[in-house]
Amino acid sequence: MKKSEIFVTDLDGTFVKDSRAVANQDRDSLLSLKKAMPIAIATGRSVKEIHFIEEQIGISSDIQIGFNGGIIKMGERVIFERPIEKSVLKEILAFIERKGIVFDALDGDKRIGTHKTDDLAKLWNMELIEPSQLFQSIQEKRIYKINIRPEVGEREALLAELQQLFPQLAICKSGEKRIEVTPPNITKGHALEILKQAYGLEFISAGDSENDISMFKESKQSFCMAHAAEVVKKEATDIIENFYEVMNLIAKGAEIHAIW
């Protein structure tokens, strides 16, 4: 008997290609795919933002993986959860404050920090706030991820410095302008490992950023967007220009089982 298969998609740059709205053809493709197998969404964003996209397209995913694997939910049930440990959070916030780095910290409800944007469509109904006593305020919350936003041309050097100073954190590039910081061993791939052990699943995945590489490694088949960096594309089994191409490329004949 074959293992149960589930399709897992990233959001920004993949299913939500412009990070603003889902294209009609991509939406229809995912709706059709959900009739054939369970669907999971894996993103660096929060579960709240996953639900925002679900509401826009009229679909409910079977599993939600937020903060690159910092939280895994199945319906209302939390399967796994790991925020940044308080003492480590204090250290990296001190580094950010000392360097004057633009950032936002995510507690699952709001984006808290110095990052500002006029592109409200990319916020997906998440409020950007900068409270007084900013760093003290953040320390009092459960923070699952920090987005660090370097100046142009400074990302590679800052990434290397962060990785050297904070080996107890998972730190990677995401997209063209952002560095993502999560607790140790928290990756999309780790989330898939947890689900694989709990439910005996096999995965087919789609993504476009370095934070999707670990997910590709845990998948029997993986789709990478053609606009992705070469280091990401080389880890995927297939390259696609548009999300809707997934439907025609997924191997046929999979035995699908309801597992929840």
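Leu-162 touches Ile-92, Phe-95, Ile-148, Ile-171 and Ile-179, leaving aside residues up to four places away in sequence; contact here means heavy atoms within 4.5 Å. The model is predicted: local features need pLDDT of at least 70, side-chain atom pairs count only at pLDDT 80 or more, and totals for chains, interfaces and linings use all residues. Residues are numbered from 1 along each chain as its sequence is written, and side-chain values use heavy atoms, without hydrogens and water.

**Nonpolar cores**

- The largest nonpolar core (buried Ala, Val, Leu, Ile, Met, Phe, Trp, Tyr and Cys residues joined through side-chain atoms within 4.5 Å; buried means under 20% relative accessible area with a 1.4 Å probe, protein chains only) has 25 residues.
- Phe-103, Ile-146, Ile-148 and Leu-162 have the most contacts inside this core.
- At least two of its residues come from each of α3 (86–99), β6 (102–106), α4 (134–139), β9, α5 (155–165) and β11, and α3 gives the most, six residues.
- Another core, of 23 residues, lies apart from it and includes Phe-7, Met-37, Ile-41 and Ala-206.
- Helices (H or I, at least four residues) and strands (E, at least two) are DSSP runs, numbered from the N terminus.

**Largest pocket**

- The lining of the largest pocket comprises 43 residues, of which Ser-174, Gly-175, Glu-176, Lys-177 and Arg-178 lie nearest its centre.
- Elements giving two or more residues to this lining are β9 (145–149), β10 (170–174) and β11 (178–182); the largest share, three residues, is from β9.

Note on methods:
1 Å grid on protein atoms, 1.4 Å probe; cavity = no way out; pocket = protein on both sides within 12 Å on 5 of 7 lines; lining within 4 Å. Buried < 20%, exposed > 50% of the residue type's maximum accessible area, 1.4 Å probe, protein only.
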